[in-house]
Amino acid sequence: MKLRFVSVVVSFIVSFNVSALTIGSWNLDWLDGSSAYGPKRHKDDYLQMADMFRRAHMDVMAFSEVGSKRVLRRVVGNHYLIEISHRASQRGRGYYPQFTGFAIRAGIVYQRNSDLKLNVDHDDQLRNAVDITLYKRHHPYLRLLSVHLKSRCFYQSDNFSRSCHLLKLQAIRLNQWIRHRKKEKLPFMILGDFNRRMANGKHHWFLKILRSDYHHSTSLYLSTQGLHSHCWSRTSWGAMKQFRQYIDHILYNQRVKRYVQSGSFRQITVPVSIAEKYHLSDHCPILIRLSD
């Protein structure tokens, strides 16, 4: 077992508890440091994104659509450890610089687990999930999974399209991961871009699959339930738009629910004038805070 920590902050680690923990998620929109795929960003764009990250005050951030640790440093700075999908080291078939992972504040002890394979497509182009376990006083106390799921099945039925079929296969694999966590009796959270309007949409088959069990349903809670997004983003045709239904979510089980601070969910946004002026992301950070 390999645990990551910084020796100079041992006193912080010993006293670390859930009351100090803010956990969130951000899809950074092709943050790959080049214009080959995503927006061509300049220094001021990165500074604006770094300001959004600082305002979030996250201890742990699940990220997606990041091309490398190096370029993510321009947003999160040097006081975070970065775990990125193992696919980032692969340059073969199906490679795109768009990976999931975590930025973890230095001083938090954690273990990197094997990536969860969500590559259910024969084209080998779907993103895997990054899996970490947070430790407190040398004991595991919170399992986290960073996901970025198949797009183009935002609200439709499970048999609507090939995209929905692939998303359904990913949901089945996530359900298997959830069942393993139930056996461990460990609090867990799944965070990231689900590409699914679960909070306010119809066709609830996706959540039903995640909650299914051989014996009884799993209690899963959605941080975005009943809420609307206020994030401005630039559409493919250049117009500014607010997509009011979340596709980024923080999902957690009953063992986490007792620690979630009521009303702590936040979305970090910028005015439309800033979103229009800079190449930021078409997503905004979301977060919740845990407390005793």
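**Exercise 1. The pocket lining**

Task: In this predicted model, find how many nonpolar, polar and charged residues line the largest pocket.

Solution:
- Start with the classes. The lining has 12 nonpolar, 13 polar and 14 charged residues.
- Next, take the space. The largest pocket holds about 1,100 Å³.
- Now go to the centre. Among the 39 lining residues, S151, F154, N195, D282 and H283 are the closest to it.
- Finish with the strands. Strand 2 and strand 11 (232-234) each give at least two residues to the lining.

**Exercise 2. The cavity**

Task: State how many cavities of 30 Å³ or more the structure holds, and say which residues line the largest cavity.

Solution:
- Count. There is one cavity of 30 Å³ or more.
- Size it. The volume of the largest cavity is about 60 Å³.
- List the lining: F154, Y155, R196, R197, M198, G201, K202, H203, H204, F206 and L207.
- Sort by class. Five of these residues are nonpolar, three are polar and three are charged.
- Look back at the pocket. F154 lines the largest cavity, and F154 is also one of the residues closest to the centre of the largest pocket.

**Exercise 3. The sheet**

Task: Give the strand order of the open six-stranded sheet and name its edge strands.

Solution:
- Read across the sheet. The order is 4-5-3-2-15-14, and the pairing is mixed.
- Take the two ends. Strand 4 (80-84) and strand 14 (266-267) are the edges, each pairing on one side only.
- Examine the strand 14 edge. Strand 14 runs antiparallel to strand 15 (residues 286-290), joined by two bridges.
- Pick one bridge. R266 has L287 in strand 15 as its partner.

**Exercise 4. Two helices on the sheet**

Task: Work out which strands helix 2 and helix 3 lie across, then describe how the two helices meet.

Solution:
- Place helix 2 (residues 43-56). Helix 2 lies across strands 2 (21-31), 3 (60-66), 4, 14 and 15. Its angle to strand 2 is about 165°.
- Place helix 3 (residues 69-76). Helix 3 lies across strands 2, 3, 4 and 5 (99-105). Its angle to strand 4 is about 140°.
- Compare the lists. Strand 2, strand 3 and strand 4 appear in both.
- Describe the packing. The axes of helix 2 and helix 3 cross at roughly 65° and come within 7 Å.
- Name the residues. K43, Y46, M49, A50 and F53 of helix 2 meet V71, R74, V75 and V76 of helix 3.
- Classify the contact. It has seven nonpolar, no polar and two charged residues.

Notes. Residues are numbered from 1 along each chain as its sequence is written. This is a predicted model: local features need pLDDT of at least 70, side-chain atom pairs count only at pLDDT 80 or more; totals for chains, interfaces and linings use all residues. Side-chain values use heavy atoms; hydrogens and water are left out. Two strands pair if DSSP finds at least two bridges between them. Helices (H or I, at least four residues) and strands (E, at least two) are DSSP runs, numbered from the N terminus. Contact means heavy atoms within 4.5 Å. Axes are lines fitted to C-alpha atoms, for helices over the stretch in contact, and angles run from 0 to 180 degrees between N-to-C directions. On a 1 Å grid over the protein atoms alone, a cavity is a set of points where a 1.4 Å probe fits but cannot get out, and a pocket is an open set with protein on both sides within 12 Å along at least five of seven lines; lining residues have an atom within 4 Å of a point. Grid points are joined across faces, edges and corners, and a volume is the space filled by probe spheres set on the points. Ala, Val, Leu, Ile, Met, Phe, Trp, Tyr, Cys and Pro count as nonpolar, Asp, Glu, Lys and Arg as charged, and the others, Gly among them, as polar.
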